[in-house]
Structure formats: structure tokens, C-alpha cells
Amino acid sequence: MSGDLPAPPRRVATAMLLAIRIVRVLLVVASVVLIFAATSLVLRGLPLPSWMKVSGPLTDGMMLTFASLGLLEVVALYCLLGLLREVIATVRAGDPFQSRNADRVQAIGWWMVVIQGVDMAKTILALSGVSHEDMTSDKTISVTGLGAIVVVFILAWVFRIGARMREELDQVV
């Protein structure tokens, strides 16, 4: 049942794998920046670069919380992309309907829950330090993100059924 993909889809899968690798490297760099920002706030001995400073009612404690939440979000995205890379590798090999992929897609859904939770926490924190006049449209909770989470869990279920059907077919043949 499994087999290699034709050349064009295989090239797309390879490009996707490369893109994920690049994004994961950038996430490591982002983690270093967030750790630097959090450390400079805690130690107070390291000045924040001007591009990291914010104006307004945010206190150092709020900034430290934002940096910590941002780091958690980066770690979650890094893990999510690692799982996605493994799923794409099985697609590239021509064998995507495996029970391991169903587990991976379900884990991707849980990492998305973490990311959505962090976004909600950052929104609540941002709104607690912002006056009514300063509110902008980017300080809202994403209903689209919640819908995407539901879609990913449904896809995990589809992968699980597909893997089960493939196993049954392999037993018959």
C-alpha cells in the first residue's frame, strides 16, 4: 500500500520539510531573545535594547510575564512543528495513514491548545494594563484559533480511522 510520491509532490514535501527546519531555527533564536529579555528584567543589570522597550502602562512584572508566556508559546510551536515535520516525512514516503501519525496530529492539537491558552493569557494581561482608548483589534481572543483546534482533532480522528482501515486491508490482502 505504501509507495513513493511522484516527483512534484515529493519536491513540495521536501520544500515543506526545509521550511519547517528554517522556522524551527528561527524559533530557537526567538527563544534566546525572550530569555535575554526576561533575564535583563530580572537582573536589572542588562539593559533592554531599544527595539524591545515598550511605552505605556506595562510594568516590569508584566513584561516578565509576557516574555515567559512568549517563551512558552515558542516552545509549543517548536514542538508542534517537529510533529508536523514527522507527519510530512511519512507523506513524502507515501505512507501517511499510520497510527503514529494519528497520535502526532492529536499531539499537534494539544500543542495548539497550549498556544491558544497562552494567547488568551497574553490578551487578558494586555487588557489589564490598557485603557479603553488604547484598545485595538489585536487584543481579542481568536475564535478562528479555537475552530482550527477542533479541525486538527477531527483530522487526528480521520488519520486514526484511515490507519485502521489500511491495517484491515493489509490483513485481507
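User: In this model, does Arg104 count as buried or exposed?

Analyst: The model is predicted. The cut-off for buried is under 20% relative accessible area. Arg104 has 14% relative accessibility, so this residue counts as buried.

User: Which residue meets the side chain of Arg104 in a salt bridge?

Analyst: The contact runs from N to O over 2.9 Å. Arg104 sits in helix α3 and its partner in helix α2 (residues 60-92), so the pair ties together parts 18 residues apart in sequence. The partner is partly exposed, with a relative accessible area of 32%. The residue is Glu86.

User: How many salt bridges does a search of the whole structure find?

Analyst: The Arg104 and Glu86 side chains meet in a salt bridge. Asp95 also forms one with Arg166. The search of the whole structure gives a total of six.

User: How many residues apart in sequence are Asp95 and Arg166?

Analyst: These two residues form a salt bridge, with their closest N and O atoms 2.2 Å apart. Asp95 is in the loop between α2 and α3, while Arg166 is in helix α4. The pair therefore links distant parts of the chain, and the separation is 71 residues.

User: Is Arg166 buried or partly exposed?

Analyst: Buried requires under 20% relative accessible area, and exposed requires over 50%. Arg166 has a relative accessible area of 22%, so its class is partly exposed.

User: Which helices does the salt bridge between Arg160 and Asp103 tie together?

Analyst: The closest N and O atoms of Arg160 and Asp103 are 3.1 Å apart. The two residues are 57 residues apart in sequence. Arg160 lies in one helix and Asp103 in another, so the pair ties together α4 and α3.

User: What relative accessible area does Asp103 have?

Analyst: Its partner Arg160 counts as partly exposed at 26% relative accessibility. Asp103 is partly exposed too, and its relative accessible area is 41%.

User: Which residues do salt bridges that share partners join into one network?

Analyst: Some of the salt bridges share partners. Shared partners join the residues into one network. Its members are Glu73, Asp119 and Lys122.

User: Are helices α3 and α4 roughly parallel or roughly antiparallel?

Analyst: Helix α3 covers residues 99-128 and helix α4 covers residues 143-172. They pack with their axes 7 Å apart, at an angle of about 170 degrees. Angles over 145 degrees fall in one class, so α3 and α4 are roughly antiparallel.

User: How many nonpolar residues does the contact of α3 with α4 have?

Analyst: The contact can be sorted by residue class. Six of its residues are polar and three are charged. The nonpolar residues number 16.

User: Which residues of α4 are buried?

Analyst: What covers the buried residues of this helix includes α3. The buried residues of α4 are Gly145, Ile149, Val152, Ala156, Phe159, Gly162 and Ala163.

User: How far apart are the end C-alpha atoms of α4?

Analyst: The helix has 30 residues. At 1.5 Å a residue, these should span 44 Å. The model agrees, because the end C-alpha atoms of α4 are separated by 44 Å.

User: Which residue has its C-alpha atom 8.7 Å from that of Ile161?

Analyst: Ile161 lies in helix α4. At 28% relative accessibility, Ile161 counts as partly exposed. The other residue is 62 residues away along the chain, and its name is Ser99.

User: Which residues does Ile141 touch, leaving aside those up to four places away in sequence?

Analyst: Ile141 is in the loop between α3 and α4. At 42% relative accessibility, Ile141 counts as partly exposed. Its C-alpha atom is 9.6 Å from that of Gly117, 24 residues away along the chain. The residues touched are Gln116, Met120 and Thr123.

User: How far apart in space are Arg24 and Leu77, C-alpha to C-alpha?

Analyst: Arg24 is placed in helix α1 (residues 7-43). At 12% relative accessibility, Arg24 counts as buried. Arg24 touches Tyr78, Leu81, Gly82 and Arg85, not counting residues up to four places away in sequence. Arg24 and Leu77 are 53 residues apart in sequence, and their C-alpha separation is 8.4 Å.

User: What pattern does the chain follow along the sequence?

Analyst: The chain has four helices and zero strands. Buried residues make up 31% of its 173 residues. Read along the sequence, the pattern is α-α-α-α.

How values were computed. Residues numbered from 1 in each chain as written. Predicted model: local features only at pLDDT ≥ 70, side-chain atom pairs only at ≥ 80, totals over all residues. Heavy atoms only, no water. Axes fitted to C-alpha atoms, helices over the stretch in contact; angles between N-to-C directions. Parallel < 35°, antiparallel > 145°, perpendicular 65-115°, else oblique. Nonpolar A, V, L, I, M, F, W, Y, C, P; charged D, E, K, R; others polar. Expected span 1.5 Å × (residues − 1). Buried < 20%, exposed > 50% of the residue type's maximum accessible area, 1.4 Å probe, protein only. Contact = heavy atoms within 4.5 Å. Salt bridge = Lys/Arg side-chain N within 4 Å of Asp/Glu carboxyl O.
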